[in-house]
Amino acid sequence: MKVLTVCLGNICRSPAAQGILEHFAQQKGLDISVDSAGTAAYHIGKLPDARSIRALKSAGIDISHQRARQVTLSDFDRFDWVVAMDAENLVNLQRIKPAQCHAKVVMFGRYRDAVDFGEVGDPYYGGDQGFEDMRNQLMMISNDFLDHLYD
Ligand code: 4NP
């Protein structure tokens with residue numbers, strides 16, 4: 001199973017989502033490959049935001065090796081799931097996605113009909129608390145998402 005997590009800059013939310021999914025998958029012994037990307041090009045090549053690195057580190061997850069990249073058209077065929085952090089990311093993905101593609105392209109917090117964890121809001125212009133809230137929300141979504149995939 002291959003999952004791509006997507007936000008705007010690929011420095012706050014989607015690297016955190018990648019780290020959490022990888023961490024839970026390892027704990028649960030699941031064979032899943034995860035990557036992350038941004039819809040925008042502003043931060044290509046950069047490390048995750050220091051506040052994201054800190055919020056994840058306090059949960060025992062290291063995301064400091066990740067580097068930002070932009071979504072590419074081939075991602076829609078290379079991944080089984082492309083999960084957007086918010087509605088704006090989802091609209092942008094749907095705008096560029098090939099008409100026929102392999103991936104399911106959905107909002108992460110609403111990856112199936114009966115589920116609604118809401119949008120994962122952009123924490124970039126806030127403080128550390130926003131990053132901790134983001135991490136906690138991503139942990140809930142990730143846990144439920146993996147349970148659903150591997151039930
Ligand atoms: P992310 O957060 O999409 O979760 O990585 C943001 C990072 C950078 C910017 C906006 C959101 N920015 O405007 O530079």
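How far is an oxygen atom of the ligand from an N or O atom in the side chain of H43? In this predicted model, the answer is 2.8 Å. The ligand occupies the space of the largest pocket, and the protein buries 92% of the 350 Å² that the ligand exposes when taken alone. Here's a quick tour of that site and what the record says about it.

**Who surrounds the ligand**

- One stretch of the shell is C7, L8, G9, N10, I11, C12 and R13.
- The shell also takes in Y42 and H43, along with D122, Y124 and Y125.
- Sorted by class, that makes seven nonpolar residues, three polar ones and two charged ones around the ligand.

**Polar side chains at the ligand's oxygens**

- H43 puts a side-chain N or O atom 2.8 Å from a ligand oxygen.
- For Y125, a polar side-chain atom sits 3.3 Å from an oxygen of the ligand.
- D122 has a side-chain N or O atom at 3.4 Å from a ligand oxygen.

**The annotated active site**

- UniProt, in an unreviewed entry, puts the "active site" feature at C7, R13 and D122.
- These residues span 116 positions in sequence, but no two of their C-alpha atoms are more than 8.5 Å apart, so they come together at one spot.
- C7, R13 and D122 are included in the lining of the largest pocket, and that pocket is the space the ligand takes up.
- C7 also belongs to strand β1, which covers residues 2–7.

**The annotated domain**

- The unreviewed UniProt entry also gives a "Phosphotyrosine protein phosphatase I" domain at residues 1–148.
- That span is 40% helix and 14% strand.
- Its end C-alpha atoms are 12 Å apart.

Methods:
Residues are numbered from 1 along each chain as its sequence is written. This is a predicted model: local features need pLDDT of at least 70, side-chain atom pairs count only at pLDDT 80 or more; totals for chains, interfaces and linings use all residues. Side-chain values use heavy atoms; hydrogens and water are left out. A residue is near a molecule or strand if one of its heavy atoms lies within 4 Å of it. A polar contact is a pair of N or O atoms within 3.5 Å; within protein, one must be able to donate a hydrogen and the other to accept it, and residues adjacent in sequence count only if both atoms are side-chain atoms. Accessible areas come from the Shrake-Rupley method with a 1.4 Å probe; for residues, only the protein chains shown count as cover. On a 1 Å grid over the protein atoms alone, a cavity is a set of points where a 1.4 Å probe fits but cannot get out, and a pocket is an open set with protein on both sides within 12 Å along at least five of seven lines; lining residues have an atom within 4 Å of a point. A molecule sits in a cavity or pocket if more than half of its atoms lie within 2 Å of its grid points. Ala, Val, Leu, Ile, Met, Phe, Trp, Tyr, Cys and Pro count as nonpolar, Asp, Glu, Lys and Arg as charged, and the others, Gly among them, as polar. UniProt positions are given in the numbering used here, feature names are shortened, and annotations may be inferred rather than shown by experiment. Helices (H or I, at least four residues) and strands (E, at least two) are DSSP runs, numbered from the N terminus.
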